[in-house]
Amino acid sequence: GRPKPPAPVRAAYEAFCSWRGVSAKERSSLLRKWYDLMIKNKDDLAKIITAENGKPLKEAQGEILYSALFLEWFSEEARRIYGDIIYTPAKDKRSLVLKQPVGVAAVITPPQWNFPSAMITRKVGAALAAGCTVVVKPAEDTPLSALALAELAQQARIPPGVYNVVPCSRKKAKEVGEALCTDPLVSKISFTGSTATGKILLHYAADSVKRVSMELGGHAPFIVFDSANVDRAVAGAMASKFRNSGQTCVCSNRFLVQRGIHDSFVKKFAEAIKRDLRVGNGFEEGTTQGPLINEKAVEKVEKHVSDAVSKGATIETGGRRHQFGKNFFEPTLLSNVTRDMLCSHEETFGPLAPVIKFDTEEEAVAIANAADVGLAGRIYSQDPAQIWRVAEQLEVGMVGVNEGLISTVECPFGGVKQSGLGREGSKYGIDEYLELKYVCYGGL
């Protein structure tokens, strides 16, 4: 016979049977209480993040605020789930469209140790607001943040079974992920992680035709045109590249700089890196760059640097492991980078900024769009016509124009091509957890 569902899935399914009937106002109130508790405990939650993944405490504090804001946002969106009435030619009929919760959602974030709190609330806030229940499988490296959120959910009086956490070891990760994705009681899969893993989960979901939303890998281009304000472009480059030591999915990964402004940009970028970045312990005041998550991550950065140098790239600053410890790497800037280098066509996920020189707008767009992923991109220019042209032509889900930091709870987060399916955050995020039902009411 069919194997019994895992206990957390059973708990989520049983809770869904009642949670779906809880009024939108009450769901809104409970999510708001959860948000209030996150803000009340923000310092402790931030310390957990820094202890788990090493990011500087100031960044961790910023993540907790960002994370909590998703609960606040979706507490408000819970009361804005509207249906429709459609008038048809038949005078004795009325047609209605209802929006109803999908069911139990499996929230899987195994590689997302980089934002162990925000990656969860961005999904869970929308799911609970819609009337779904969730089973969360957090990153193996950062399970404590998910468990801390569970403790606060309990304090907020969110009913048992509505928010479930299934931490596991890296050895068990594949087995647990497969069990969640193939369980017939699970109706929805929400995943953030690598494109390769996303494809595996899509295969699992296909067997039972589950609803799926995915935020996968990126390879974000950062394009600087001759008309750009160089100082502003450098500030945007610093913010978009070195946050969390370059370990974010929307980090700029390829810096495409037009010939006329190239030398000035590289010089000022190198100066800013040397002046403003400090590698160290995330709990120490003044630290801006913590460790990479593990040895494998450091090895990938090393591989990208050595490959680029062997093919003619120049190290402007950095380029090797930092003396602070084995998982620390110097913030690195490379110039004379070409398209045949690994860092030009693979996401580094580390503190490496490779600069590629280009001549024409068409060339920049072609280089940017050559990737098979398309999560985020950034443009620096003071030519309005050029900004419109390039923003519309870039094959990405999000574009920053003269701005390095683009993520906010009010706007849709997601990508195109092999960067994923669906959107998170914003008024659109809740739709990922809702089904449409058409009701034809006759005999009137």
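The following exercises, each with a worked solution, concern a predicted model and its two assigned domains.

Residues are numbered from 1 along each chain as its sequence is written. Local features need pLDDT of at least 70, side-chain atom pairs count only at pLDDT 80 or more, totals for chains, interfaces and linings use all residues, and side-chain values use heavy atoms, with hydrogens and water left out.

**Exercise 1. State which residues form each domain and how far apart the domain centres lie.**

Step 1. Domain 1 comprises 7–216 + 419–442, and domain 2 comprises 220–401; such bounds come from an automatic or database domain assignment.

Step 2. Between the C-alpha centres of domain 1 and domain 2 the distance is 32 Å.

**Exercise 2. Describe the interface of domain 1 and domain 2.**

Step 1. About 1,500 Å² is buried between the domains, and carbon and sulfur atoms give 61% of this area. Buried area is the accessible area (1.4 Å probe) that two parts lose on being put together, summed over both.

Step 2. On the side of domain 1, P56, W113 and S419 lose the most area to domain 2, together 32% of what that side buries.

Step 3. The rule finds zero salt bridges across this interface, a salt bridge being a side-chain nitrogen of Lys or Arg within 4 Å of a carboxyl oxygen of Asp or Glu.

**Exercise 3. Identify the helices that each supply at least two residues of the side of domain 1 that touches domain 2.**

Step 1. The helices are α3 (42–53) and α4 (57–77); helices (H or I, at least four residues) and strands (E, at least two) are DSSP runs, numbered from the N terminus.

Step 2. With four residues, α3 gives the most to this side.

**Exercise 4. Locate the salt bridge of R122 and the partners in the chain.**

Step 1. R122 pairs with E215, and their closest N and O atoms are 3.4 Å apart.

Step 2. R122 belongs to helix α5 (residues 118–130) and E215 to strand β7 (residues 211–215), 93 residues apart.

**Exercise 5. Classify the ring pair of F222 and Y380.**

Step 1. Rings of Phe, Tyr and Trp (its six-membered ring) pair if their centres lie within 6.5 Å; planes under 30 degrees apart count as stacked, over 60 as edge-to-face and the rest as tilted.

Step 2. The ring centres of F222 and Y380 are 4.9 Å apart and the planes stand at 20°, so the pair is stacked.

Step 3. Because F222 lies in strand β8 (residues 220–224) and Y380 in strand β14 (residues 376–380), the pair ties together parts 158 residues apart in sequence.
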